[in-house]
Amino acid sequence: MEISIRNAERKDIEAIMLIENSSFHENIAESRETFLERTEVFPDGFLVLMVNGRVIGYISSELWEYSEDIDVRQFQLEHSIMDTHRSNGSELYISSIGILEEYRGSGYGKILVSELEKKMIYNYGINSIILIVSENWTAARRIYEKNGFERIQTISGFFHDDNNSDAIVMRKII
Ligand SMILES: CC(C)(COP(=O)(O)OP(=O)(O)OC[C@H]1O[C@@H](n2cnc3c(N)ncnc32)[C@H](O)[C@@H]1OP(=O)(O)O)[C@@H](O)C(=O)NCCC(=O)NCCS
């Protein structure tokens, strides 16, 4: 099994959309345009994981200015990265992560989170990481909780999935 991680590129878009649509409820999955923009605006913050030459996972992110007061509008799905990304921001916002269904549960999600974190500390000197996760996404919550993220806020009914699940805002101070 050959595993590698690199920056996402435009040519990966079909593989990324397959992962996206297999990972999220149709009302939550983000669009091709949103992901393409992420590859253009902040390619260093957008990684893909390959197994034997096939893209089976991705993680995307932005840099934000750190603030104690969280502006929940920043988390809006499908927002343009151009409106929120600050190239010298000190906080990393993980906008999305997904692993192709048949590859889940083998540690790849955990690897993507830790690789992105290492790279962003080393190359961008980030001091914290922020993200939102649905209360129902057990595997994702487990990764974050074991990796030092703490719940700082709840956004009631944020996700327009079948049960209008709450979003938990989590932050890790590095
Ligand atoms: C979240 C996701 C990226 C995790 O990737 P993954 O490769 O499956 O996760 P890992 O194998 O690294 O497992 C991470 C942890 O979750 C646990 N886990 C995995 N699947 C689980 C499940 N269905 N229920 C409970 N725990 C689970 C693992 O045991 C592991 O915990 P451990 O370190 O204590 O052993 C992947 O499951 C996915 O794409 N889910 C759908 C999209 C999603 O929810 N994205 C999160 C957005 S915030």
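Where is Asn-164 found? I placed Asn-164 in the loop between strand S6 (150-155) and strand S7 (167-173). I note at the outset that this is a predicted model.

**Entry 1: backbone angles**

I looked up phi for Asn-164 and found a positive value near 40°, in a residue other than glycine. Most residues other than glycine have a negative phi. I then checked cover: Asn-164 counts as partly exposed because its relative accessibility is 44%.

Glu-78 went on the list as well, with a positive phi of about 70° although it is not a glycine. I located Glu-78 in the loop between strand S3 (54-64) and helix H3 (81-84). Its relative accessibility is 37%, so I entered Glu-78 as partly exposed.

**Entry 2: the ligand site**

I turned to the ligand and its surroundings. The ligand takes up the space of the largest pocket. Strand S4 (91-99), helix H4 (108-124), strand S5 (128-134) and helix H5 (138-146) are the elements that give two or more residues to the shell around the ligand. I recorded H5 as the source of the largest share of that shell, seven residues.

How many residues surround the ligand, and which are the closest? I have 22 residues around the ligand, and the closest are Ile-99, Gly-107, Lys-110, Arg-142 and Lys-146. Sorted by class, the shell has eleven nonpolar, seven polar and four charged residues.

Next I went through the polar atoms. A polar backbone atom of Gly-105 is 2.9 Å from an oxygen atom of the ligand. For Gly-109, a polar backbone atom is 2.8 Å from a ligand oxygen atom. With Arg-142 the partner is in the side chain: one of its N or O atoms is 2.8 Å from an oxygen atom of the ligand. I also noted the areas: the ligand taken alone exposes 930 Å², and the protein buries 75% of that.

**Entry 3: Ser-96**

I went back to strand S4, where Ser-96 lies. Is Ser-96 buried or exposed? Ser-96 counts as buried because its relative accessibility, 7%, is under the 20% cut-off. I looked for a partner of its side chain and found a polar contact with the side chain of Tyr-58, at 2.6 Å.

**Entry 4: Asn-7**

Last, I looked at Asn-7, which has its place in strand S1 (residues 3-7). At 24% relative accessibility, Asn-7 counts as partly exposed. I paired Asn-7 with Phe-46: the two are 39 residues apart in sequence, and their C-alpha atoms are 5.7 Å apart in space.

Methods. Residues numbered from 1 in each chain as written. Predicted model: local features only at pLDDT ≥ 70, side-chain atom pairs only at ≥ 80, totals over all residues. Heavy atoms only, no water. Near = heavy atom within 4 Å. Polar contact = N/O pair within 3.5 Å; in protein donor to acceptor, adjacent residues only side chain to side chain. Areas by Shrake-Rupley, 256 points an atom, 1.4 Å probe, with all protein chains shown as cover. 1 Å grid on protein atoms, 1.4 Å probe; cavity = no way out; pocket = protein on both sides within 12 Å on 5 of 7 lines; lining within 4 Å. Sits in = over half its atoms within 2 Å of the grid points. Helix = DSSP H or I, 4+ residues; strand = E, 2+ residues; numbered from the N terminus. Nonpolar A, V, L, I, M, F, W, Y, C, P; charged D, E, K, R; others polar. Buried < 20%, exposed > 50% of the residue type's maximum accessible area, 1.4 Å probe, protein only.
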